[in-house]
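Here is a short walk through one protein model, written for someone meeting it for the first time. Take a look at the picture, then read on.

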Amino acid sequence: FRSKPDYYIWSEYMPNNWLSAFGGSAWTLDEITGLYYYHRFYREQPSLNWRNKDVRHALHDVLRFWVDLGVDGFRLDSLDGLVVDPVLRDEPALAGTDRNSTAKYWSLEHIYTCNLPQTAQELKLITEAFPGICFFVEADSHNDWMRPYLATGANAFVFDFMTVPLNGNSLANIIDHSVKGGSLTWALSNHDQPRLASRWQGELA
């Protein structure tokens, strides 16, 4: 990635308190360049700089390659973190949060690394560039953040079914409080959770 440094997000020093979703700082020192680079996930996965138009063009080319081969749809994984604050400001602390093994990540309010307005704008450019292709947004976001994505015509995953028992009241409550105004994709299992038959068990599963 050093051959195209403008495709990534760099800093001459540790710029802020941003955390990786997989633990530790979201900034890693590249010993060859002496610069820090940003990665939302593993350090082996440096995040792309979507404020560089060449990144947009390159990723559109990737999509076009697969569409030309006949692919009808794409899952846009962790789309909410596509764009980050260009000023690299510290994120505020979020007290009293303990969700799972990545609890430290959730100790910050991710107002500068998630759901920035440009993210929905980039999604709109994608849906307009590839009419007739399905795009499924995967984002760990509440309803207010999902509405701009749905407004582009994309679908959005809902994962709440994977964390509740199999009973009508629980499922109805999720459906009643789901985001309105777009197409939702209801997930029953994925690679992060035990399979449906293991969770719900019995003949109903």
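How many salt bridges does the structure hold? There are 7 salt bridges. Keep in mind that this is a predicted model, so what follows is computed from predicted coordinates.

**Charged pairs**

Side chains of opposite charge can pair when their charged atoms come close. Three of the pairs are set out here, with the distance between N and O atoms.

| Pair | N to O distance |
|---|---|
| Asp80 and Arg40 | 3.1 Å |
| Arg56 and Glu122 | 2.9 Å |
| Asp61 and Arg64 | 3.1 Å |

Start with Asp80 and Arg40, which form a salt bridge. This pair links distant parts of the chain, 40 residues apart. Asp80 sits in the loop between β4 and α2, while Arg40 belongs to the loop between β3 (35-38) and α1. Are these two residues buried or exposed? Both Asp80 and Arg40 are buried.

Next come Arg56 and Glu122, whose side chains also meet in a salt bridge. Arg56 is in helix α1 and Glu122 in helix α2, so this pair ties together parts of the chain that are 66 residues apart in sequence. The two ends are not equally covered: Arg56 is partly exposed, at 22% relative accessible area, whereas Glu122 is buried, at 2%.

The pair of Asp61 and Arg64 stays within helix α1. Because they are 3 residues apart there, about one helical turn separates them. Asp61 counts as partly exposed at 47% relative accessibility, and Arg64 is partly exposed too, at 36%.

**A nonpolar patch on the surface**

Helix α1 (residues 53-68) is also the place of Val62. Together with Phe65, Trp66 and Leu69, Val62 makes a nonpolar surface patch of about 420 Å². With a relative accessibility of 42%, Val62 counts as partly exposed, since that value falls between the 20% and 50% limits for buried and exposed.

**Strands β4 and β5**

In a regular strand the side chains alternate between the two faces of the sheet. Strand β4 (residues 73-76) shows this alternation. Which of its residues are buried? Phe74 and Leu76, which point to one face, are buried, while Gly73 and Arg75 point to the other face and are not.

β4 pairs with strand β5 (residues 134-137) in the parallel sense, over 4 bridges. One of the residues involved is Arg75, whose bridge partner in β5 is Phe136.

**Two nonpolar cores**

The largest nonpolar core has 23 residues. Which of them touch the most other members? They are Leu79, Leu123, Phe135, Val137, Met146 and Tyr149. At least two residues of this core come from each of α1, β4, α2 (117-129), β5 and α3 (143-150). A second, separate core has 8 residues, among them Ile9, Trp27, Val84 and Tyr112.

For a close-up of one member of the largest core, try Met146. Leaving aside residues up to four places away in sequence, Met146 touches Val137, Ala139, Ser141, Ala156 and Val179.

**A sheet of three strands**

An open sheet of 3 strands follows the order β1-β3-β2, and its pairing is antiparallel. β1 (10-11) and β2 (27-30) stand at the edges, each with a single partner strand, so one side of each has no neighbour in the sheet. β1 and β3 run antiparallel and are joined by 2 bridges. Where does Ser11 fit in? Its bridge partner in β3 is Tyr36.

**Two residues with positive phi**

Most residues other than glycine have a negative phi, and most peptide bonds are trans. Ser78 goes the other way, with a positive phi near 55°. Leu88 is not a glycine either, yet its phi is positive, at about 60°.

Where are they found? Ser78 lies in the loop between β4 and α2, and Leu88 also lies in the loop between β4 and α2. Ser78 counts as buried at 18% relative accessibility. Leu88 is buried as well, with a relative accessible area of 16%.

Key. Residues are numbered from 1 along each chain as its sequence is written. This is a predicted model: local features need pLDDT of at least 70, side-chain atom pairs count only at pLDDT 80 or more; totals for chains, interfaces and linings use all residues. Side-chain values use heavy atoms; hydrogens and water are left out. Patches are made of residues with over 30% relative accessible area and no salt bridge: like charges are joined within 9 Å, nonpolar side chains (Val, Leu, Ile, Met, Phe, Trp, Tyr) within 5 Å. Accessible areas come from the Shrake-Rupley method with a 1.4 Å probe; for residues, only the protein chains shown count as cover. A salt bridge is a side-chain nitrogen of Lys or Arg within 4 Å of a carboxyl oxygen of Asp or Glu. Buried means under 20% relative accessible area, exposed over 50%, partly exposed in between (1.4 Å probe, protein chains only). Two strands pair if DSSP finds at least two bridges between them. A nonpolar core is a set of buried Ala, Val, Leu, Ile, Met, Phe, Trp, Tyr and Cys residues joined through side-chain atoms within 4.5 Å. Contact means heavy atoms within 4.5 Å.
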